[in-house]
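Reader: I am new to this model and should like to be guided through it. May we proceed by questions and answers?

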Amino acid sequence: MRTSESVEGVAYGLAVIDDEFVNVDAGEVTLTDRRTERSWSVDVAAFELAAVPVTRRLYAEADGDEADLPVVEVSWFDAVEFCNRLSARTGVEPAYIVDGNTVTWDRSSPGYRLPDEAEWEYACRAGTSGPRYGALDDIAWYRGNSGERVHAVATREPNPWGLYDMLGNVWEWCFDIYDADVYADYRVLRGGGWFDEHWSCRASVRRRTMPTWRIDDLGFRLARNIT
């Protein structure tokens, strides 16, 4: 039902990157915010999600021992800019229209983009209903097993749909504003990171920070519409 596509070469600068995406069928997910004790259901259209977070290799044409580490210390704006650059390099219409600090998502675009948080949680759960899609030590790098450092992508077990590192290793930017009435333009983070305790590495956990923030356990993952 959900299967990985054949690997395609994505040309970026001088590097050729094998970037595997997973087809995610349409469905529904219920999101929960513990701060407000609110839950809401979201219909999710079919889309594609990268099997791993963006790596240093893809982001900056890095090579060597650190090439397969997830890129970190990227702001939300950095991630948006990278998505548009990658779209332009691969000959597709960018997903974002950027005017200063105003970013508009063209939802009809086939370009690379960030997942929204409903897409992220739906894909993370992969048809499971518990807080995680497997035993935490098997699926995630977190404070209990990471040695307090980031690890190469895809070195823990994937979820049932073939997506790696959805929990642990690095937090991932989503497109959404967390709560405009309370936190202005703060954006949603999902997934937990290598320095987090086990309770932060759950499918439902929502965090937020300013879109200019760059920290050493925060990266992102590519999504795109199915065309």
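**A pocket, a sheet and two cores**

Reader: Into how many nonpolar, polar and charged residues does the lining of the second largest pocket divide?
Author: The pocket is an open set of points on a 1 Å grid over the protein atoms alone where a 1.4 Å probe fits, with protein on both sides within 12 Å along at least five of seven lines, and its lining residues have an atom within 4 Å of a point. Ala, Val, Leu, Ile, Met, Phe, Trp, Tyr, Cys and Pro count as nonpolar, Asp, Glu, Lys and Arg as charged, the others, Gly among them, as polar. The division is three nonpolar, three polar and seven charged.

Reader: On what basis should these values be read, and what kind of model is this?
Author: Residues are numbered from 1 along each chain as its sequence is written, and side-chain values use heavy atoms, leaving out hydrogens and water. Local features need pLDDT of at least 70 and side-chain atom pairs pLDDT 80 or more, while totals for chains, interfaces and linings use all residues, for this is a predicted model.

Reader: Which element gives the largest share of that pocket's lining?
Author: In all, 13 residues line the second largest pocket, and Arg34, Arg35, Val205, Arg206 and Arg207 lie nearest its centre. Two strands (DSSP E runs of at least two residues, numbered from the N terminus; helices are H or I runs of at least four) give two or more residues each, namely β4 (27-33) and β11. With three residues, the largest share comes from β11.

Reader: Which strands stand at the edges of the open sheet?
Author: The sheet has four strands in the order β11-β10-β9-β12, with mixed pairing; a pair needs at least two DSSP bridges. One side of each edge strand is left without a neighbour in the sheet, because each has a single partner strand: these are β11 (206-209) and β12 (218-219).

Reader: Which residue of β10 stands opposite Trp173?
Author: Strand β9 (residues 171-177) pairs with β12 in the parallel sense over two bridges, where Trp171 has Leu218 as its bridge partner. Strands β9 and β10 (residues 187-190) run antiparallel and are joined by three bridges. In β10, the residue opposite Trp173 is Leu189.

Reader: How many of the seven residues of β9 are buried?
Author: Buried means under 20% relative accessible area, exposed over 50%, and partly exposed in between (1.4 Å probe, protein chains only). Strand β9 is largely enclosed by the rest of the structure, because the buried residues number five of the seven.

Reader: Which helix supplies the largest share of the largest nonpolar core?
Author: A nonpolar core joins buried Ala, Val, Leu, Ile, Met, Phe, Trp, Tyr and Cys residues through side-chain atoms within 4.5 Å. The largest has 30 residues, and Phe47, Leu49, Cys124, Met166 and Leu167 have the most contacts inside it. Elements β3 (21-24), β4, β6 (47-50), α3 (117-125) and α4 (136-139) each supply at least two residues. The largest share, five residues, comes from α3.

Reader: Is Asp165 buried or exposed?
Author: Asp165 lies in the loop between α4 and β9, and its phi is near 60°, a positive value in a residue other than glycine. At 1% relative accessibility, Asp165 counts as buried.

Reader: What is the relative accessible area of Ala154?
Author: Ala154 is also placed in the loop between α4 and β9, with a positive phi near 60°. Ala154 is partly exposed, its relative accessible area being 35%.
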